[in-house]
Amino acid sequence: MTEPAPDTAANRTPEIVVARLRPSARRLLWSALLLIVLAGAAAYAPSLLPEPWMRITALAAAGVLAIVGVLVPLLRWLSRSYTITTRRIVIRSGFLVRTRQELLHSRGYDVTVRRSGGQLLGKSGDILVNTGLDAPVRLRDVPHAALVQEALQDLMERSLNPVAARRQQERSLRQSGELGRRGDEPDWHPGNWPQQD
């Protein structure tokens with residue numbers, strides 16, 4: 001009888017990046033409009049002001065507004081990214097302090113899409129990934145949310161092992177109330193064990 005091949009990096013299928021995503025750039029609309037207005041005002045306003053100190057103050061105010069209203073939202077948008085591979089979801093966030101969170105597809109999870117009015121127009125949405133253990137992980141304002149949801153469900157189904165699939169099925173039955181109602185408790189439940197004398 002031959003032994004199964006050991007689980008080493010050489011025997012596993014390589015991890016492939018399926019998608020790299022950022023939140024929808026729709027959030028930068030107001031920043032872009034502010035930048036256009038500031039550029040026009042900074043070019044035209046100095047000709048209206050009589051004193052040099054007034055011109056310098058107006059340009060400094062425009063610079064501060066550009067930093068607060070344009071640069072900060074841009075950096076906040078750039079600091080969040082989502083990478084979906086054939087094995088996991090990697091969520092990176094933060095600018096000065098970076099946070100990295102990973103969810104393995106093999107653990108099994110539920111995927112829910114929530115959309116607001118503005119997100120419906122842009123075909124984006126918030127994707128909630130619920131593992132059943134902690135609070136749901138939220139992928140905020142993901143473009144093409146329905147397509148991402150389908151891809152995550154397909155990747156999860158491919159990578160589920162039998163034990164994780166059984167746990168996910170039992171968790172779904174418990175949440176829907178079907179497991180307790182019909183008396184379908186699993187055989188391993190302590191209430192089903194034979195009494196010992």
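## Two sheets, a bent helix and two pockets

Six bridges join strand E3, made of residues 88-93, to strand E4, and the two strands run antiparallel. Within this pairing, Arg88 stands opposite Leu104 in E4. The model in which these strands are seen is a predicted one, and the description that follows should be read with that in mind.

The pair E3 and E4 belongs to an open sheet of four strands, which are arranged in the order E1-E2-E3-E4 with antiparallel pairing. Strand E1 (17-21) and strand E4 (99-104) stand at the edges of this sheet, and each has a single partner strand, so one side of each is left without a neighbour in the sheet. From one strand to the next, the twist in this sheet averages 15 degrees. Strands of a sheet pair through backbone hydrogen bonds, and the pairing may be either parallel or antiparallel.

A further open sheet is built from three strands in the order E5-E6-E7, and here too the pairing is antiparallel. Its edges are held by strand E5 (110-114) and strand E7 (137-143), each of which has a single partner strand, so that one side of each is left without a neighbour in the sheet. The twist in this three-stranded sheet averages 25 degrees from one strand to the next. Five bridges join E5 to strand E6, residues 124-130, and these two strands run antiparallel; Thr112, for its part, has Leu128 in E6 as its bridge partner.

Turning to the helices, H1 covers residues 29-48, and its 20 residues, at 1.5 Å a residue, should span 28 Å, which agrees with the 29 Å that separates its end C-alpha atoms. Helix H1 nevertheless bends by about 30 degrees at Ala42, and a proline, Pro46, follows within four residues.

The remaining features are the pockets. Rolling a probe the size of a water molecule over the atoms shows where empty space is left. The largest pocket has a volume of about 240 Å³, and among the residues that line this pocket are Thr13, Pro14, Thr86, Arg87, Arg158 and Ser159. Leu104, the residue that Arg88 stands opposite, is also part of this lining. Helix H4, residues 145-159, gives the most to the lining of the largest pocket, with three residues, and the lining as a whole divides into four nonpolar, four polar and two charged residues.

The second largest pocket holds about 200 Å³ of space, and its lining includes Pro23, Arg27, Leu28, Trp77, Ser79 and Arg140. The largest share of this lining, three residues, comes from helix H2, which covers residues 52-78. By class, the lining of the second largest pocket has four nonpolar residues, one polar residue and four charged residues, and the arginines Arg27, Arg76, Arg80 and Arg140 are found in it.

Key
Residues numbered from 1 in each chain as written. Predicted model: local features only at pLDDT ≥ 70, side-chain atom pairs only at ≥ 80, totals over all residues. Heavy atoms only, no water. Pairing = 2+ DSSP bridges. Axes fitted to C-alpha atoms, helices over the stretch in contact; angles between N-to-C directions. Expected span 1.5 Å × (residues − 1). Bend = angle between axes of the 7 residues up to and from the residue. 1 Å grid on protein atoms, 1.4 Å probe; cavity = no way out; pocket = protein on both sides within 12 Å on 5 of 7 lines; lining within 4 Å. Points joined across faces, edges and corners; volume = space filled by probe spheres on them. Nonpolar A, V, L, I, M, F, W, Y, C, P; charged D, E, K, R; others polar.
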